[in-house]
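Biologist: Could you take me through one part of this model up close? I'd like to hear about the charged side chains on the sheet and what surrounds them.

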Amino acid sequence: MTRTEYPWLLPSAMADPELPGDQGRRARRTVRDWAVDITAFLCAAAIGVAAAGAIDADRTTPDGVVFIDSLIGAAACCALWTRRRWPVGLAVTLTLLSVVEPVAAGALLVALFSVAVHRPFRPVAAVGVLALAVAPVQPYLRPDPATSYLASTVVGALLVLLVLSWGMVVRSRRQLVVTLRERARRAEAEAALRAEQAQRLAREAIAREMHDVLAHRLTLLSVHAGALEFRPDAPPAEVARAAGVIRDSAHEALQDLREIIGVLRSPGDGDNGDGNRPQPTLATLDALIAESRLAGMKVTLDNRVADPATAPAATGRTVYRIAQEGLTNARKHAPGTEVTITVTGGPGDGLTVEVRNPAPVEPFERVPGSGQGLIGLTERATLAGGRLDHGPEPDGGFVVRAWLPWSS
């Protein structure tokens, strides 16, 4: 059995987010509250009946006074049903009433307990001081023949302190439970938020990787398919070469897509298949250039790194993606121009990669693009601890320049 499964067994202070009365609103009673209220009413009535019996046993007390005391005691017990809504007002009223009515003593104790449970310390302290102040007055005005004045005063004061202390302990415990429950809810919400952020970052990384990998392949397909469409009278050898490039690019695009989708699978599902293909590095940059040249691009590579295989894998992969995106953009927006890729640097100095292409000199059919590639590259370089700049040049060309760290 848990508290969330059976909220009707909880007091309203724990069933609601706030303790009842703290916000000036009426709390809805639970089944447990009804049981407690009935028990409190019966206890107050029992104490009142005992006090009325002691008054009736005194032969000097007129019957009319006994009758009036009984009516007032019954009214005080009935007033306890409002203790959750007006605990302070009821406690003050019963405190003043108990000065001349011993029959209301039981209802007063229940009211003091309610104030301590449902109100903060300041009103509890004020009501407690009032109750302690009138504690010696009632035995003086309505003395009990069987008990001395000092004993009645001490017992009355001790009962007030005991009831108030008990009520404050109950309130503190309820506040602790409410606080712990709120902390648990906040922890669950924060965990859900962290999971959502992790999923969002994973989706962004996958989307960035899909763009970097597939845009290069699909651009090759688009360019060569367009060449075949607008040059149906091309020599058979050129048509065959373009068809071969389209076939190879489609195959590589499919392989890359399988690799990226493998990231979305569980580890058990991704053990077999094409999800474990080698990641590109700085050493595989030559293969990218050769592939672009085979597709008909004019590319000049100036790789001044002494040993590309020693470059960090993450840094080399980022350089590869930057060069790949630069070639893709040049193929889209400046076809037929010569692209120059320069890679310099080394351990301790970092790697600098620059992809530059002049302005196109012949009209061409533009290939649609999303414009997100350079944004993704900037984020990738920033995450790697580097920086990336891009923009047009005065002669109409375009340059992408990035610096990436390479520790010594």
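Modeller: Start with glutamate 354: it counts as buried, because its relative accessibility is 18% and the cut-off for buried is under 20%. Keep in mind that this is a predicted model.

Two arginines form salt bridges with that glutamate. Arginine 356 has its closest N and O atoms 2.7 Å from those of glutamate 354. For arginine 401 and glutamate 354, the closest N and O atoms are 2.8 Å apart. That second pair links distant parts of the chain, with arginine 401 sitting in strand S5 and glutamate 354 in strand S3, 47 residues apart. Unlike the buried glutamate 354, arginine 401 is partly exposed, at 34% relative accessible area. Arginine 356 is partly exposed too, with 26%.

Now follow arginine 356 the other way. Glutamate 393 forms a salt bridge with arginine 356, and here the closest N and O atoms are 1.8 Å apart in the model. This pair also links distant parts of the chain: glutamate 393 is in the loop between S4 and S5, arginine 356 is in strand S3, and 37 residues separate them. Put the pieces together and you get one network, in which salt bridges with shared partners join Glu354, Arg356, Glu393 and Arg401. For the whole structure, the search finds seven salt bridges.

So much for the charges; here's the sheet that carries them. It's an open sheet of five strands with mixed pairing, in the order S1-S2-S3-S5-S4. Strand S1 (298-303) and strand S4 (387-392) are at the edges with a single partner strand each, so one side of each has no neighbour in the sheet. From one strand to the next, the twist averages 10 degrees.

Glutamate 354 turns up again in the pairing: it is the bridge partner, in S3, of threonine 342. Strand S2 (residues 338-346) and strand S3 (residues 350-357) run antiparallel and are joined by seven bridges.

Two helices pack on this sheet. Helix H10 (residues 285-294) touches S1 and S2, and its direction makes about 165 degrees with that of S1. Helix H12 (residues 373-383) touches S4 and strand S5 (398-404), with its direction at about 155 degrees to that of S4. Strand S5 is worth a second look, then: helix H12 touches it, and it also holds arginine 401, one of the partners of glutamate 354.

Methods:
Residues numbered from 1 in each chain as written. Predicted model: local features only at pLDDT ≥ 70, side-chain atom pairs only at ≥ 80, totals over all residues. Heavy atoms only, no water. Pairing = 2+ DSSP bridges. Helix = DSSP H or I, 4+ residues; strand = E, 2+ residues; numbered from the N terminus. Axes fitted to C-alpha atoms, helices over the stretch in contact; angles between N-to-C directions. Contact = heavy atoms within 4.5 Å. Salt bridge = Lys/Arg side-chain N within 4 Å of Asp/Glu carboxyl O. Buried < 20%, exposed > 50% of the residue type's maximum accessible area, 1.4 Å probe, protein only.
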